[in-house]
Amino acid sequence: MTTEHQGTTRRRFLARAGGAATALSLWPSTAAAWPSAAAAAGKRVAVLGGGVSGLSAAHELAERGYAVTVYEYYDVLGGKARSMDVPGSASGGRRPLPGEHGFRFFPGFYRNLPDTLRRIPFPGNANGVHDNLRSGTEALFARAGGRPDLHFPLRRLTTPPAPGDITPSWIRDQILSVLDVGTRLPAHEAAYFADRVLVHLTSCDARREDQWEKTSWWEFIRAGRMSEEYRTLLGVGQTRNLVATRAEIASTRTVGRVIIEALLLWGLLGRGMDGDADIDRVLNAPTSEAWIDPWAAHLRLLGVEFVFGAQVREVLYEGGRVTGIRVSARDGNNERTVTADHYVSAMPVEHARRTWGAALRAADPQLGRCDALRTDWMTGVQFYLRAPTPVVHGHINCLDSPWSVTGIGQAQFWDKRNFSADYGDGSAHDCLSAIVSEWDKPGILYGKTARECTREEVVEECWAQLKDALNDSGKTTLTDADRLGWFMDPAVTGLGGPDPQNREPLLIHPTGTLYNRPSARTAVPNFFLAGDYVRTDVDLATMEGANESARRAVNALLDTDNSGAGRCRIWELYRPPELEPLKRVDELRYRLGLPNTFDLG
């Protein structure tokens, strides 16, 4: 079995596209092959990047009559959200084994992206791609060394409190009841953490955006003064394992608003959710199969054109406007300038900021501040197994893993697929999809950091840490004999050498990140920004943030054009009305230089 993937081939992509291939462009060899302005009646928009933010912007613009061309670096769409075929792994009429950058996760508090999913047609689904979502019903916090694991149900509370019944005392009791199940937290540490959550819940916006944005999560919860259990469960487990940011530097505002409040607390109460969604949702098939490919097909029907293998070199600026985009093939050849009426930069920040020259940066200082935004590695490894190995009906967080490994058994959610009958050569019955989030701490197998390891050593170390967490004296979940092969994100290169690289890192959220995130609207009237680094209400590098940023970029473009088209709806994170009076009190205290009412030091 082929164990590693180096990229989806052009031939395979075109074969999968089938009859839609005529609606896309690969890198053209002649100027005549470029999309024509006469092909559409609306104004032309160049979208730079075909990830979630770029496709979201293209979708909204095309529905409003704009002629959209998406320029994508790879030969496939979807960015970090796409899935990839393992070459040479298919036989007997089956599809290739599916690989990916990392497993997809659609929390119930996502509302902008689900709205887009409903508008992507999918055969047999009344609500389009949205009907391909499946709920995870539990989470496993796996402990190493034979320690008892922590299982948590992820269903909403069956008897949620009535409106108005949510009080600080009620919230504190709920937090303490959760922390009392299976943890070894000393009682006084659990109580202290509950109080810190209350501090953040009742803090006004000004305190959050100033004091807590400048305070690390580690400092906010006083992790350095607490037990190892407290640091592991409430520090590292809530930051490094989930958003690839170290608790020692992660912004309290971001961790508190998104992970503690939106994901966990309001998720359990079912408030601010996507309809009747549960906390944790995943797709019922490989991402491209269940979502990205149907999306691309729908966009082509809307008239969107795609140019693949296009590397954006520079956004050209002159006379107060963007005048064009200097683009080349991936190898640097065949360079040319493309023009449009408007331009939406939807590339990841680490690539986008390289295309902004001095004149453009001078026109809008927020572009220069993007240089301070930081990224880190959060990369997936898929293990193909001989037997179904669901482990838990949801995600796995290996709390004691030095590489902050998380994972999920995927086949259990693919209820319209038979893994062995549909993928590979028939010998693999499951895929355990894992993510390595910590690349700078020594592992348990070789004693090296992930960056220092070869590609094969990263895979073996990840497998060893999964076994350490999931196997104990009374249960053996993973065995070497059960493992058939593996796939690792091909964006990571040079492992084991002097200069390892990752073309697809993840934006992280250290203190002060909020101040450097740009708005979707720039000071240049025909240039807009979309991507998970753009300032949105969700304030986290997520697919939801990418989608929301695209909606904000399109609304800004429509305003610039004085368009009569309807604006994109934007959902913001839930704000419980019961806590608003306490936040107003805190606003007064903040202006007077006083701490939050619940902040007892």
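The following paragraphs describe the overall dimensions, the sheets and the helix packing of a predicted model.

The protein, as predicted, comprises 18 helices and 23 strands in its secondary structure. Its C-alpha trace extends over about 70 × 65 × 50 Å along the principal axes. For a chain of 601 residues a compact globule would be expected to have a radius of gyration near 25 Å, and the value of 24 Å found for the protein therefore agrees with that expectation.

Strands of a sheet pair through backbone hydrogen bonds, and this pairing may be either parallel or antiparallel. Both kinds are represented in the two sheets considered here, beginning with an open sheet of five strands, in which the order is β9-β2-β1-β13-β23 and the pairing is parallel. The edges of this sheet are formed by β9 (305-307) and β23 (527-529), each of which pairs on one side only. On average, and with direction ignored, neighbouring strands of the sheet are turned by 20° against each other. At the β9 edge, strand β2 (residues 67-71) runs parallel to β9 and is joined to β9 by three bridges, with T69 standing opposite E305 in β9.

Two helices lie across strands of this five-stranded parallel sheet. Helix α2 lies across β1 (44-48), β2, β9 and β13 (342-345), and its direction is at about 170° to that of β2. Because angles over 145 degrees count as roughly antiparallel, α2 can be described as roughly antiparallel to β2. Helix α17, in turn, lies across β1, β13 and β23, running at about 160° to β23. The strands β1 and β13 are thus among those crossed by α2 and also among those crossed by α17.

These two helices also pack against each other, α2 spanning residues 52-63 and α17 spanning residues 543-560, with an angle of about 40° between them and their axes 8 Å apart. At this angle α2 is oblique to α17, and the crossing in which α2 passes α17 is right-handed. On the α2 side the contact involves V52, S53, S56, A57, E60 and L61, which meet M543, A546, N547, S549, A550, R551, V554 and L557 of α17. Sorted by class, the residues in the contact of α2 with α17 are eight nonpolar, four polar and two charged.

The second sheet is likewise open, but has three strands in the order β10-β11-β12, and its pairing is antiparallel. Its edge strands, β10 (310-318) and β12 (336-338), each pair on one side only. Neighbouring strands are here turned against each other by 35° on average, direction again being ignored. Between β10 and strand β11 (residues 321-329) the antiparallel pairing extends over eight bridges; among the residues concerned, V315 has I325 in β11 as its bridge partner, while L316 is partnered by G324 in β11. The two strands β10 and β11 form a hairpin with two residues between them, and G319, which lies in the turn, has a positive phi of about 65°.

Two further helix pairs were examined. Helix α4 (residues 168-179) and helix α5 (residues 187-201) cross at roughly 140°, and their axes come within 9 Å. This angle makes α4 oblique to α5, and the crossing of the two helices is right-handed. The contact is made by P168, I171, R172, I175, L176 and L179 of α4 together with A190, A191, F193, A194, D195, V197, L198 and L201 of α5. In terms of residue class, the contact of α4 with α5 has twelve nonpolar and two charged residues, with no polar ones.

The last pair consists of helix α6 (residues 205-212) and helix α18 (residues 580-591), which pack at an angle of about 50° with their axes 8 Å apart, an arrangement that makes α6 oblique to α18. The residues that form this contact are A206, R207, R208, D210 and Q211 of α6 and K583, D586, R589 and Y590 of α18. By class, the contact of α6 with α18 divides into two nonpolar, one polar and six charged residues.

Terms used. Residues are numbered from 1 along each chain as its sequence is written. This is a predicted model: local features need pLDDT of at least 70, side-chain atom pairs count only at pLDDT 80 or more; totals for chains, interfaces and linings use all residues. Side-chain values use heavy atoms; hydrogens and water are left out. Axes are lines fitted to C-alpha atoms, for helices over the stretch in contact, and angles run from 0 to 180 degrees between N-to-C directions. Helices (H or I, at least four residues) and strands (E, at least two) are DSSP runs, numbered from the N terminus. Angles under 35 degrees count as roughly parallel, over 145 as roughly antiparallel, 65 to 115 as roughly perpendicular and the rest as oblique. A crossing is left-handed if the near helix is turned anticlockwise from the far one by less than a right angle, and right-handed if clockwise. Contact means heavy atoms within 4.5 Å. Ala, Val, Leu, Ile, Met, Phe, Trp, Tyr, Cys and Pro count as nonpolar, Asp, Glu, Lys and Arg as charged, and the others, Gly among them, as polar. Two strands pair if DSSP finds at least two bridges between them. The radius of gyration is taken over C-alpha atoms; the globule rule is 2.2 Å times the number of residues to the power 0.38.
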